[in-house]
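Open the model in your viewer and keep the sequence panel beside it. The stops below go from the whole chain down to single residues.

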Amino acid sequence: MGLRAALAAIALVLAGALLPAAPASAAPVSTSPPVVTGQAAYDEVLVAQTGGWTPAPASYSFQWLRDGGPIAGATGRRYRTGLDDVGTRLSVTVTATDASGSTSVTSVPTARVARATIRNRTRPAVTGTLRFGRTVRADAGRWSTRPTRVRYQWLRGGRPIPGATGRRYEISWRDVGRPLRVRVQVRAPGHAWAKAGSRPRGRVDHRVGVRRTVTYHVETRGRVTASLKTFRRLVQQTYDDPRGWRGGGVRFRQVRSGGTFTVVLAEASRVPGFSPVCSAEWSCRVGRYVVINQTRWQHASPAWNAAKGSLRGYRHMVVNHETGHWLGFGHAGCPGGGRLAPVMQQQSKGLAGCRFNPFPTAAELGRVR
(Lines give C-alpha, C1' and ligand atoms only; values in the text may rest on other atoms or scores of the structure.)
Protein backbone atom coordinates (compact mmCIF):
# COMPACT_ATOMS: atom_id res chain seq x y z
CA MET A 1 0.00 0.00 0.00
CA GLY A 2 1.34 3.45 -0.93
CA LEU A 3 1.76 6.18 1.62
CA ARG A 4 -1.23 8.09 0.35
CA ALA A 5 -3.49 5.06 0.67
CA ALA A 6 -2.27 4.31 4.17
CA LEU A 7 -2.94 7.85 5.32
CA ALA A 8 -6.50 7.71 3.90
CA ALA A 9 -7.23 4.47 5.77
CA ILE A 10 -5.97 5.95 9.04
CA ALA A 11 -8.23 9.01 8.53
CA LEU A 12 -11.28 6.82 8.03
CA VAL A 13 -10.57 4.88 11.25
CA LEU A 14 -10.14 8.07 13.22
CA ALA A 15 -13.37 9.51 11.79
CA GLY A 16 -15.33 6.40 12.83
CA ALA A 17 -14.05 6.57 16.37
CA LEU A 18 -15.37 10.10 16.71
CA LEU A 19 -18.97 9.24 15.58
CA PRO A 20 -21.58 8.43 18.37
CA ALA A 21 -22.63 4.77 18.77
CA ALA A 22 -26.01 3.73 17.28
CA PRO A 23 -28.66 3.62 20.03
CA ALA A 24 -29.86 0.18 21.29
CA SER A 25 -33.60 -0.74 20.80
CA ALA A 26 -35.93 0.21 23.88
CA ALA A 27 -38.70 -1.88 25.59
CA PRO A 28 -42.37 -0.83 24.92
CA VAL A 29 -43.48 2.37 26.65
CA SER A 30 -47.04 2.88 28.02
CA THR A 31 -48.83 5.86 26.51
CA SER A 32 -52.15 5.20 28.33
CA PRO A 33 -52.69 2.84 31.31
CA PRO A 34 -54.61 -0.43 31.22
CA VAL A 35 -58.30 -0.29 32.18
CA VAL A 36 -60.63 -2.90 33.73
CA THR A 37 -64.06 -3.01 32.10
CA GLY A 38 -67.18 -4.79 33.32
CA GLN A 39 -69.37 -4.70 36.42
CA ALA A 40 -67.52 -5.04 39.70
CA ALA A 41 -69.96 -7.53 41.23
CA TYR A 42 -69.96 -11.18 42.23
CA ASP A 43 -69.94 -13.73 39.38
CA GLU A 44 -69.35 -11.11 36.69
CA VAL A 45 -66.64 -11.22 34.00
CA LEU A 46 -64.10 -8.40 34.01
CA VAL A 47 -61.93 -7.70 30.95
CA ALA A 48 -58.47 -6.13 30.88
CA GLN A 49 -58.04 -3.44 28.22
CA THR A 50 -54.30 -3.23 27.49
CA GLY A 51 -54.08 0.53 27.08
CA GLY A 52 -51.71 2.29 24.65
CA TRP A 53 -48.06 1.36 23.98
CA THR A 54 -45.19 2.44 21.75
CA PRO A 55 -43.76 0.77 19.86
CA ALA A 56 -46.49 -1.83 19.44
CA PRO A 57 -45.62 -4.84 21.67
CA ALA A 58 -45.25 -8.29 20.26
CA SER A 59 -47.32 -9.79 23.15
CA TYR A 60 -49.10 -9.07 26.40
CA SER A 61 -49.44 -10.98 29.67
CA PHE A 62 -51.82 -10.33 32.57
CA GLN A 63 -51.89 -10.70 36.32
CA TRP A 64 -55.06 -9.89 38.26
CA LEU A 65 -54.72 -8.34 41.71
CA ARG A 66 -57.04 -8.34 44.74
CA ASP A 67 -56.48 -5.32 46.97
CA GLY A 68 -53.02 -5.04 45.42
CA GLY A 69 -51.97 -8.67 45.90
CA PRO A 70 -51.72 -11.19 43.01
CA ILE A 71 -54.57 -13.68 42.62
CA ALA A 72 -53.19 -17.18 42.10
CA GLY A 73 -53.89 -18.50 38.62
CA ALA A 74 -55.65 -15.31 37.44
CA THR A 75 -53.43 -14.65 34.41
CA GLY A 76 -55.92 -14.36 31.56
CA ARG A 77 -57.32 -11.28 29.92
CA ARG A 78 -60.73 -12.10 31.40
CA TYR A 79 -61.48 -12.74 35.06
CA ARG A 80 -64.71 -14.01 36.65
CA THR A 81 -65.21 -12.68 40.15
CA GLY A 82 -65.68 -15.12 43.04
CA LEU A 83 -66.69 -15.14 46.69
CA ASP A 84 -63.22 -14.07 47.84
CA ASP A 85 -63.52 -10.92 45.78
CA VAL A 86 -66.68 -9.58 47.40
CA GLY A 87 -65.89 -6.35 49.20
CA THR A 88 -62.39 -6.01 47.67
CA ARG A 89 -60.96 -3.87 44.85
CA LEU A 90 -59.60 -5.56 41.74
CA SER A 91 -56.95 -4.37 39.30
CA VAL A 92 -54.83 -5.91 36.56
CA THR A 93 -51.15 -5.64 35.72
CA VAL A 94 -50.45 -5.71 31.97
CA THR A 95 -46.95 -6.61 30.82
CA ALA A 96 -46.07 -5.62 27.25
CA THR A 97 -43.16 -7.50 25.64
CA ASP A 98 -41.15 -7.24 22.40
CA ALA A 99 -37.68 -8.29 21.32
CA SER A 100 -36.16 -5.44 23.27
CA GLY A 101 -37.73 -6.28 26.66
CA SER A 102 -40.84 -5.96 28.81
CA THR A 103 -42.69 -3.20 30.68
CA SER A 104 -45.45 -3.68 33.29
CA VAL A 105 -48.20 -1.18 34.18
CA THR A 106 -51.12 -1.68 36.65
CA SER A 107 -54.65 -0.36 36.15
CA VAL A 108 -56.60 1.80 38.55
CA PRO A 109 -58.53 -0.47 41.01
CA THR A 110 -62.23 -1.06 40.52
CA ALA A 111 -64.86 -0.08 43.02
CA ARG A 112 -65.34 -2.65 45.74
CA VAL A 113 -66.87 -5.81 44.32
CA ALA A 114 -70.56 -5.80 45.22
CA ARG A 115 -72.81 -8.72 45.99
CA ALA A 116 -74.93 -9.84 43.08
CA THR A 117 -78.70 -9.32 42.93
CA ILE A 118 -81.17 -12.20 43.09
CA ARG A 119 -84.23 -11.46 40.97
CA ASN A 120 -87.65 -12.82 41.74
CA ARG A 121 -89.13 -14.84 38.86
CA THR A 122 -92.35 -16.08 40.49
CA ARG A 123 -93.85 -14.38 43.52
CA PRO A 124 -94.21 -16.21 46.83
CA ALA A 125 -97.64 -17.65 47.59
CA VAL A 126 -99.75 -18.76 50.55
CA THR A 127 -101.15 -22.28 50.22
CA GLY A 128 -103.87 -23.83 52.36
CA THR A 129 -107.34 -22.95 53.65
CA LEU A 130 -107.76 -19.47 55.11
CA ARG A 131 -109.76 -20.38 58.21
CA PHE A 132 -109.15 -19.82 61.90
CA GLY A 133 -107.48 -22.92 63.35
CA ARG A 134 -106.02 -24.11 60.04
CA THR A 135 -102.31 -24.10 59.20
CA VAL A 136 -101.15 -22.48 55.97
CA ARG A 137 -97.79 -22.79 54.24
CA ALA A 138 -95.55 -20.37 52.39
CA ASP A 139 -94.24 -21.15 48.91
CA ALA A 140 -90.98 -19.17 48.62
CA GLY A 141 -91.47 -18.53 44.89
CA ARG A 142 -88.87 -18.84 42.14
CA TRP A 143 -85.65 -16.84 41.94
CA SER A 144 -82.90 -16.18 39.39
CA THR A 145 -80.43 -17.95 41.70
CA ARG A 146 -81.31 -20.85 43.96
CA PRO A 147 -81.40 -19.44 47.51
CA THR A 148 -79.45 -21.08 50.29
CA ARG A 149 -81.13 -19.02 53.02
CA VAL A 150 -84.81 -18.15 53.21
CA ARG A 151 -86.62 -16.02 55.78
CA TYR A 152 -90.37 -15.67 56.22
CA GLN A 153 -92.53 -12.97 57.75
CA TRP A 154 -96.31 -13.34 57.91
CA LEU A 155 -98.45 -10.23 57.67
CA ARG A 156 -101.99 -9.54 58.85
CA GLY A 157 -103.65 -6.71 56.97
CA GLY A 158 -100.23 -5.56 55.75
CA ARG A 159 -98.65 -5.47 59.21
CA PRO A 160 -96.03 -8.00 60.38
CA ILE A 161 -97.30 -10.55 62.89
CA PRO A 162 -94.86 -10.68 65.83
CA GLY A 163 -93.09 -14.03 66.01
CA ALA A 164 -94.68 -15.39 62.80
CA THR A 165 -91.44 -16.16 60.97
CA GLY A 166 -91.73 -19.82 60.05
CA ARG A 167 -92.63 -21.42 56.75
CA ARG A 168 -95.89 -22.63 58.32
CA TYR A 169 -98.38 -20.45 60.15
CA GLU A 170 -101.32 -21.49 62.31
CA ILE A 171 -104.11 -19.01 61.67
CA SER A 172 -105.14 -17.09 64.78
CA TRP A 173 -108.51 -15.74 65.82
CA ARG A 174 -106.96 -12.30 65.34
CA ASP A 175 -106.64 -13.02 61.61
CA VAL A 176 -110.36 -13.54 61.01
CA GLY A 177 -111.71 -10.95 58.61
CA ARG A 178 -108.23 -9.77 57.63
CA PRO A 179 -106.11 -10.52 54.56
CA LEU A 180 -103.11 -12.76 55.22
CA ARG A 181 -99.84 -12.54 53.27
CA VAL A 182 -96.25 -13.70 53.55
CA ARG A 183 -93.06 -11.79 52.79
CA VAL A 184 -90.01 -13.83 51.78
CA GLN A 185 -86.34 -12.80 51.95
CA VAL A 186 -83.71 -14.91 50.20
CA ARG A 187 -79.96 -14.99 49.96
CA ALA A 188 -77.27 -17.06 48.21
CA PRO A 189 -73.46 -17.02 48.46
CA GLY A 190 -72.13 -13.82 46.91
CA HIS A 191 -75.62 -12.33 46.64
CA ALA A 192 -77.36 -9.64 48.63
CA TRP A 193 -80.66 -10.27 50.42
CA ALA A 194 -83.66 -9.93 48.13
CA LYS A 195 -87.33 -9.90 49.06
CA ALA A 196 -90.75 -10.38 47.53
CA GLY A 197 -94.27 -10.74 48.91
CA SER A 198 -97.30 -12.83 48.09
CA ARG A 199 -100.51 -11.39 46.76
CA PRO A 200 -103.49 -11.25 49.17
CA ARG A 201 -105.80 -14.25 48.75
CA GLY A 202 -108.86 -12.76 50.40
CA ARG A 203 -109.85 -12.54 54.04
CA VAL A 204 -109.49 -15.20 56.69
CA ASP A 205 -112.80 -16.87 57.54
CA HIS A 206 -114.18 -18.22 60.82
CA ARG A 207 -113.49 -21.79 61.93
CA VAL A 208 -116.75 -22.89 60.25
CA GLY A 209 -119.27 -21.18 58.03
CA VAL A 210 -122.55 -19.78 59.32
CA ARG A 211 -125.00 -22.62 60.05
CA ARG A 212 -127.70 -20.47 61.55
CA THR A 213 -128.33 -16.85 62.46
CA VAL A 214 -130.07 -15.79 65.67
CA THR A 215 -131.22 -12.33 66.68
CA TYR A 216 -131.35 -10.70 70.10
CA HIS A 217 -132.11 -7.36 71.67
CA VAL A 218 -130.79 -5.73 74.86
CA GLU A 219 -132.91 -4.62 77.83
CA THR A 220 -132.21 -3.43 81.38
CA ARG A 221 -133.83 -4.10 84.74
CA GLY A 222 -133.62 -1.91 87.82
CA ARG A 223 -131.15 0.89 88.37
CA VAL A 224 -128.36 0.50 85.81
CA THR A 225 -125.25 2.61 86.37
CA ALA A 226 -123.03 0.87 83.81
CA SER A 227 -122.83 2.35 80.30
CA LEU A 228 -125.56 0.65 78.26
CA LYS A 229 -123.84 1.74 75.04
CA THR A 230 -120.63 0.02 76.12
CA PHE A 231 -122.59 -3.04 77.24
CA ARG A 232 -124.24 -3.40 73.83
CA ARG A 233 -120.91 -3.02 72.04
CA LEU A 234 -119.01 -5.50 74.20
CA VAL A 235 -121.76 -8.12 74.06
CA GLN A 236 -121.73 -7.98 70.26
CA GLN A 237 -117.94 -8.21 70.26
CA THR A 238 -118.18 -11.38 72.35
CA TYR A 239 -120.69 -12.86 69.92
CA ASP A 240 -118.53 -11.91 66.92
CA ASP A 241 -115.30 -13.22 68.44
CA PRO A 242 -113.98 -16.22 66.44
CA ARG A 243 -113.18 -17.99 69.73
CA GLY A 244 -116.80 -17.80 70.89
CA TRP A 245 -120.03 -19.51 69.84
CA ARG A 246 -119.53 -18.08 66.35
CA GLY A 247 -116.86 -20.78 66.09
CA GLY A 248 -119.66 -23.33 66.27
CA GLY A 249 -121.44 -21.79 63.29
CA VAL A 250 -123.90 -19.50 65.12
CA ARG A 251 -124.06 -15.89 64.00
CA PHE A 252 -125.63 -13.38 66.42
CA ARG A 253 -127.28 -10.20 65.15
CA GLN A 254 -128.54 -7.45 67.45
CA VAL A 255 -131.96 -5.95 66.73
CA ARG A 256 -133.87 -3.09 68.38
CA SER A 257 -136.67 -5.24 69.73
CA GLY A 258 -137.95 -8.79 69.65
CA GLY A 259 -135.48 -11.25 68.25
CA THR A 260 -134.84 -14.86 69.16
CA PHE A 261 -133.73 -14.07 72.72
CA THR A 262 -133.08 -11.14 75.04
CA VAL A 263 -129.88 -10.09 76.80
CA VAL A 264 -130.65 -8.24 80.03
CA LEU A 265 -128.29 -6.07 82.07
CA ALA A 266 -129.92 -6.21 85.51
CA GLU A 267 -129.36 -4.58 88.86
CA ALA A 268 -128.21 -7.38 91.18
CA SER A 269 -131.31 -7.21 93.37
CA ARG A 270 -133.55 -7.68 90.33
CA VAL A 271 -131.98 -10.92 89.11
CA PRO A 272 -134.01 -13.22 91.44
CA GLY A 273 -137.16 -11.74 89.93
CA PHE A 274 -136.61 -13.82 86.80
CA SER A 275 -136.79 -17.18 88.62
CA PRO A 276 -136.46 -18.63 92.13
CA VAL A 277 -133.33 -20.49 90.92
CA CYS A 278 -131.58 -17.16 90.26
CA SER A 279 -129.74 -15.21 92.99
CA ALA A 280 -128.63 -11.62 93.44
CA GLU A 281 -125.03 -12.82 93.54
CA TRP A 282 -124.71 -14.37 90.07
CA SER A 283 -125.90 -14.03 86.50
CA CYS A 284 -128.63 -16.32 85.23
CA ARG A 285 -130.54 -17.61 82.23
CA VAL A 286 -134.30 -18.10 82.27
CA GLY A 287 -136.23 -19.04 79.12
CA ARG A 288 -135.44 -16.49 76.43
CA TYR A 289 -133.62 -14.21 78.90
CA VAL A 290 -129.84 -14.15 79.23
CA VAL A 291 -129.50 -12.11 82.43
CA ILE A 292 -126.17 -10.46 83.26
CA ASN A 293 -125.77 -9.35 86.87
CA GLN A 294 -124.61 -5.70 86.82
CA THR A 295 -122.38 -6.17 89.87
CA ARG A 296 -120.54 -9.04 88.18
CA TRP A 297 -120.35 -7.11 84.92
CA GLN A 298 -118.69 -4.18 86.67
CA HIS A 299 -116.44 -6.05 89.12
CA ALA A 300 -116.14 -9.74 88.02
CA SER A 301 -116.19 -12.36 90.82
CA PRO A 302 -113.92 -12.85 93.85
CA ALA A 303 -112.50 -16.11 92.47
CA TRP A 304 -111.78 -14.57 89.08
CA ASN A 305 -110.11 -11.54 90.62
CA ALA A 306 -108.06 -13.69 93.00
CA ALA A 307 -106.60 -15.47 89.96
CA LYS A 308 -105.81 -12.04 88.45
CA GLY A 309 -108.14 -12.56 85.50
CA SER A 310 -108.97 -9.48 83.43
CA LEU A 311 -112.36 -7.79 83.65
CA ARG A 312 -112.73 -8.05 79.87
CA GLY A 313 -112.05 -11.77 80.09
CA TYR A 314 -114.74 -12.16 82.74
CA ARG A 315 -117.26 -10.28 80.61
CA HIS A 316 -116.52 -12.58 77.68
CA MET A 317 -116.95 -15.59 79.95
CA VAL A 318 -120.23 -14.57 81.61
CA VAL A 319 -121.90 -13.71 78.29
CA ASN A 320 -120.67 -16.95 76.70
CA HIS A 321 -121.67 -19.03 79.74
CA GLU A 322 -125.24 -17.73 80.03
CA THR A 323 -125.72 -17.77 76.25
CA GLY A 324 -124.45 -21.35 76.28
CA HIS A 325 -127.37 -22.20 78.55
CA TRP A 326 -129.74 -20.59 76.03
CA LEU A 327 -128.10 -22.73 73.31
CA GLY A 328 -128.95 -25.82 75.34
CA PHE A 329 -125.78 -26.56 77.31
CA GLY A 330 -125.83 -27.50 80.98
CA HIS A 331 -123.06 -27.00 83.51
CA ALA A 332 -119.75 -28.80 82.93
CA GLY A 333 -116.98 -29.90 85.26
CA CYS A 334 -113.20 -29.53 85.04
CA PRO A 335 -111.86 -32.17 82.63
CA GLY A 336 -108.50 -32.39 84.39
CA GLY A 337 -106.03 -30.42 86.47
CA GLY A 338 -104.25 -27.68 84.55
CA ARG A 339 -106.54 -27.91 81.54
CA LEU A 340 -108.71 -25.09 80.22
CA ALA A 341 -112.05 -24.91 81.95
CA PRO A 342 -115.07 -25.41 79.71
CA VAL A 343 -116.96 -22.15 79.37
CA MET A 344 -119.98 -23.99 80.81
CA GLN A 345 -118.08 -24.67 84.03
CA GLN A 346 -119.14 -22.31 86.85
CA GLN A 347 -115.87 -20.41 86.75
CA SER A 348 -117.27 -17.48 88.72
CA LYS A 349 -117.38 -19.79 91.75
CA GLY A 350 -114.13 -21.72 91.26
CA LEU A 351 -112.05 -23.84 88.93
CA ALA A 352 -111.49 -27.25 90.62
CA GLY A 353 -107.95 -27.32 89.22
CA CYS A 354 -108.68 -26.01 85.72
CA ARG A 355 -107.52 -22.74 84.21
CA PHE A 356 -109.83 -19.78 83.65
CA ASN A 357 -111.18 -19.72 80.11
CA PRO A 358 -113.56 -17.08 78.70
CA PHE A 359 -114.49 -19.03 75.54
CA PRO A 360 -116.02 -22.39 74.58
CA THR A 361 -113.57 -25.24 74.20
CA ALA A 362 -113.24 -27.11 70.91
CA ALA A 363 -115.28 -29.95 72.40
CA GLU A 364 -118.10 -27.55 73.32
CA LEU A 365 -118.07 -25.92 69.89
CA GLY A 366 -118.30 -29.35 68.31
CA ARG A 367 -121.63 -29.95 70.07
CA VAL A 368 -123.34 -26.78 68.83
CA ARG A 369 -126.49 -27.48 66.81
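What percentage of the 369 residues in the chain do buried residues make up? The share is 41%. Keep in mind that this is a predicted model.

**Whole chain**

Show the full chain as a cartoon. Its secondary structure comes to six helices and 23 strands. The radius of gyration is 43 Å, well over the 21 Å that the globule rule gives for 369 residues, so the chain is more spread out than a compact globule. Aligned on the principal axes, the C-alpha atoms fill a box of roughly 170 × 40 × 40 Å. Of the contacts with a separation of 6 or more, 61% join residues 24 or more positions apart. Switch on the surface: about 19,600 Å² is exposed, and carbon and sulfur atoms supply 51% of that area.

**The hairpin of β17 and β18**

Select residues 180–187 and 194–197, which are strands β17 and β18. They pair in the antiparallel sense over four bridges. For one bridge, pick R183, whose partner in β18 is G197. Six residues lie between the two strands, and in this hairpin G190 takes a positive phi near 80°.

**The five-stranded sheet**

Next, select the open sheet with the strand order β20-β19-β21-β23-β22. Its pairing is mixed. Which strands stand at the edges? They are β20 (250–254) and β22 (284–286); each has a single partner strand, so one side of each is left without a neighbour in the sheet. On average, neighbouring strands here are turned by 30° against each other, direction ignored.

Now keep β19 (residues 212–221) and β20 on display. These two pair in the parallel sense over five bridges. One residue pair to label is R212 and its bridge partner in β20, V250.

**Helices on the sheet**

Add residues 228–240, helix α2, which packs on the sheet. This helix touches β19, β20, β21 (261–266) and β23 (289–293), and its direction makes about 155° with that of β19. Then add helix α5, residues 311–327. Helix α5 lies across β19, β20, β21, β22 and β23, and runs at about 155° to β23.

**A residue in β19**

Finish by selecting T215, which is found in strand β19. Is T215 buried or exposed? Its relative accessible area is 14%, so T215 counts as buried, the cut-off being under 20%. Show its surroundings as sticks: leaving out residues up to four places away in sequence, T215 touches R253, V255, G259, T260 and F261.

Key: Residues are numbered from 1 along each chain as its sequence is written. This is a predicted model: local features need pLDDT of at least 70, side-chain atom pairs count only at pLDDT 80 or more; totals for chains, interfaces and linings use all residues. Side-chain values use heavy atoms; hydrogens and water are left out. Two strands pair if DSSP finds at least two bridges between them. Axes are lines fitted to C-alpha atoms, for helices over the stretch in contact, and angles run from 0 to 180 degrees between N-to-C directions. Contact means heavy atoms within 4.5 Å. Buried means under 20% relative accessible area, exposed over 50%, partly exposed in between (1.4 Å probe, protein chains only). The radius of gyration is taken over C-alpha atoms; the globule rule is 2.2 Å times the number of residues to the power 0.38. Accessible areas come from the Shrake-Rupley method with a 1.4 Å probe; for residues, only the protein chains shown count as cover.
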